[in-house]
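Got the viewer open? Set it to cartoon, keep a selection box handy, and we'll walk through this one stop at a time.

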Amino acid sequence: MQPFTTLTSTPAPLKVINVDTDMIIPKQYLKTIKRTGLGTALFSEMRYKEDGSENPDFVLNQPAYRKSEILVAGDNFGCGSSREHAPWALLDFGIRCVISTSFADIFYNNCFKNGILPIKVSQEDLDNLFDDADRGSNATLTIDLESQTIKGPDGGTVTFEIDPFRKHCLLNGLDDIGLTMEKAPKIEAYEEKLKTRAWA
């Protein structure tokens with residue numbers, strides 16, 4: 001998993017509340033268990049018209065936001081079913097950070113497991129970040145995980161809270177497998193002890 005330390009990007013404003021996982025990645029794309037290739041399906045029902053052409057009104061289709069790595073979204077992001085394909089699609093598109101006032105618990109946990117930083121902020125801070133995002137390519141945000149800050153284009157700073165263990169995992173790029181591998185020396189030492197006991 002790619003470590004998350006700092007990230008600077010033009011933020012994309014998605015001013016929609018209760019964005020559920022079916023809106024993030026519709027059910028017809030859940031047949032695969034691959035984590036790649038889902039970026040084109042991200043928000044597909046909003047991104048594309050019925051004929052398959054792009055909807056120019058959707059934020060991620062607009063020139064300023066096509067390469068956004070930060071999504072500023074409305075309240076209760078990631079609600080609905082527990083599909084892990086939702087963070088897979090966000091990551092495959094290039095989104096590394098989602099900022100909102102609240103997230104559904106399962107989606108929130110799945111983000112950390114896949115290298116995405118979900119940040120909870122107050123409504124006042126979110127409104128200010130939406131204002132920054134509305135400026136398009138004229139404004140960028142810088143996320144610093146170590147200092148737990150969001151720096152705006154005009155020098156303003158928002159601080160955020162994060163569980164220390166989850167912070168450690170993101171900073172070091174540790175998913176569940178990586179966490180297990182961190183303990184490999186202790187596991188090997190324990191296995192050697194078992195072998196010794198078996199022959200005793």
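In what order do the strands of the open sheet with parallel pairing run? Select β2, β3, β4 and β5: these 4 strands line up as β2-β3-β4-β5. Bear in mind as you click around that this is a predicted model.

**Stop 1: the parallel sheet**

Color the two edges first. They are β2 (11–14) and β5 (117–120), and each of them pairs on one side only. Tilt the view along the sheet and you'll be looking at a twist that averages 20 degrees from one strand to the next.

Now go across it pair by pair. β2 and β3 run parallel to each other over 4 bridges; show L14 and you'll see A73 of β3 standing opposite. Move on to β3 and β4, a parallel pair with 3 bridges, where V72 has I99 in β4 as its bridge partner. Then take β4 (residues 97–100) with β5, also parallel, over 4 bridges. Here, V98 is matched with P118 in β5.

Before leaving, put side chains on β3. Are its faces covered or open? Both are covered: I70 and V72 point to one side, L71 and A73 to the other, and all of these residues are buried.

**Stop 2: V59, beside the sheet**

Select V59, in the loop between α2 and β3 (70–73). Its relative accessible area is 8%, which is under the 20% cut-off, so V59 counts as buried. What does V59 touch, once residues up to four places away in sequence are set aside? A12, P13, L14 and Y65. You've already met L14 opposite A73; its C-alpha is 7.0 Å from that of V59, although the two are 45 residues apart in sequence.

**Stop 3: R83**

Next, pick R83, in the loop between β3 and α3. Is this arginine buried or exposed? Buried, with a relative accessible area of 17%. Show its side chain together with that of S81, and draw the polar contact between them at 2.9 Å. Then display what else R83 touches, again leaving out residues up to four places away: T21, D22, I25, P26, K27, L30 and N110. Keep N110 on screen for the next stop.

**Stop 4: α3 against α4**

Select helix α3 (residues 85–93) and helix α4 (residues 105–113). Their axes come within 9 Å and cross at roughly 50 degrees. That angle makes α3 oblique to α4. The crossing is right-handed. Which residues make the contact? From α3, show A86, P87 and L90; from α4, show F107, N110 and C111. So N110 turns up twice on this tour, in the contact between the helices and in the list of residues touched by R83.

**Stop 5: K34**

For a contrast with the last loop stops, jump to K34, in the loop between α1 (21–24) and α2 (44–47). K34 is exposed, at 57% relative accessible area. Measure from its C-alpha to that of H85 and the viewer should give 8.9 Å, with their positions 51 residues apart along the chain.

**Stop 6: the antiparallel sheet**

Hide the parallel strands and bring up the other group. This open sheet also has 4 strands, ordered β1-β6-β7-β8, and its pairing is antiparallel. β1 (6–9) and β8 (157–159) are at the edges with a single partner strand each, so one side of each has no neighbour in the sheet. Neighbouring strands here are turned by 15 degrees against each other on average, direction ignored.

Zoom in on the middle. β6 (residues 141–144) and β7 (residues 149–151) pair in the antiparallel sense over 3 bridges, and I143 stands opposite I150 of β7.

**Stop 7: helix α6**

Select α6 (residues 164–172) and color its buried residues: K167, C169, L170 and L171. What caps the N-terminal end? That is D163, with a side-chain oxygen 3.0 Å from the backbone nitrogen of F165. At the other end, just after α6, check G173, which takes a positive phi of about 65 degrees.

**Last stop: zoom out**

Show the whole chain, with its 8 helices and 8 strands. Color by accessibility: buried residues make up 44% of the 200 in the chain. Finally, try a contact map. Among contacts between residues at least 6 apart in sequence, 65% join residues at least 24 apart.

Definitions and conventions. Residues are numbered from 1 along each chain as its sequence is written. This is a predicted model: local features need pLDDT of at least 70, side-chain atom pairs count only at pLDDT 80 or more; totals for chains, interfaces and linings use all residues. Side-chain values use heavy atoms; hydrogens and water are left out. Two strands pair if DSSP finds at least two bridges between them. Axes are lines fitted to C-alpha atoms, for helices over the stretch in contact, and angles run from 0 to 180 degrees between N-to-C directions. Buried means under 20% relative accessible area, exposed over 50%, partly exposed in between (1.4 Å probe, protein chains only). A polar contact is a pair of N or O atoms within 3.5 Å; within protein, one must be able to donate a hydrogen and the other to accept it, and residues adjacent in sequence count only if both atoms are side-chain atoms. Angles under 35 degrees count as roughly parallel, over 145 as roughly antiparallel, 65 to 115 as roughly perpendicular and the rest as oblique. A crossing is left-handed if the near helix is turned anticlockwise from the far one by less than a right angle, and right-handed if clockwise. Contact means heavy atoms within 4.5 Å.
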